[in-house]
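Biologist: I should be grateful for a close look at the salt bridges in this structure. Please set out where the paired residues lie and how accessible they are.

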Amino acid sequence: NDRVRILDVALKAGESIPVHSHPDHVLIAVTDCKIAITKEGKTQEANLKAGQTLWIPAETHSAKNVGTAPLRLVVVEIKGTVKK
């Protein structure tokens, strides 16, 4: 809708997503997983347990499943503010 976009992300072990952009967003781990997010040449890894969330401000990045099992995330993007 005008306020959020929800994405279902599934990556096999070793699979990656090329560089892309998001507005402010929240990752919600559906499965236990290990993800590497690369932004501006710097990579950060996160070990997430199913149900855990991770807030990421608007940015351009790439992502990779650096774990040994399939990864499943729900990404909730927060779109611009709504004028009243």
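Modeller: The account below takes the salt bridges one pair at a time and then turns to the sheet and the core. The model is a predicted one, and the count comes to four salt bridges.

In one of them, the side chains of Glu77 and Arg5 meet at 2.8 Å, N to O. Because Glu77 belongs to strand 8 and Arg5 to strand 1, this pair ties together parts that are 72 residues apart in sequence. Glu77 is buried, at 4% relative accessibility, whereas Arg5 is partly exposed at 40%.

Asp8 forms a salt bridge with Arg72, with 2.7 Å between the closest N and O atoms. Here too distant parts of the chain are linked, Asp8 being in strand 1 and Arg72 in strand 8, 64 residues apart. Asp8 is exposed, with a relative accessible area of 51%; Arg72, at 35%, is partly exposed.

Glu45 and Lys34 form a salt bridge of 3.4 Å, N to O. Glu45 lies in strand 5 and Lys34 in strand 4, so this pair ties together parts that are 11 residues apart in sequence. Lys34 is partly exposed at 29%.

Strands 4 and 5 also belong to an open, antiparallel sheet of four strands in the order 2-7-4-5. Its edge strands are strand 2 (16-22) and strand 5 (42-48).

The largest nonpolar core has 14 residues, and Val9, Leu27 and Leu73 are among those with the most contacts inside it. Strands 1, 3, 4, 5 and 8 each give two or more residues to this core.

Notes: Residues are numbered from 1 along each chain as its sequence is written. This is a predicted model: local features need pLDDT of at least 70, side-chain atom pairs count only at pLDDT 80 or more; totals for chains, interfaces and linings use all residues. Side-chain values use heavy atoms; hydrogens and water are left out. Two strands pair if DSSP finds at least two bridges between them. A nonpolar core is a set of buried Ala, Val, Leu, Ile, Met, Phe, Trp, Tyr and Cys residues joined through side-chain atoms within 4.5 Å. Buried means under 20% relative accessible area, exposed over 50%, partly exposed in between (1.4 Å probe, protein chains only).
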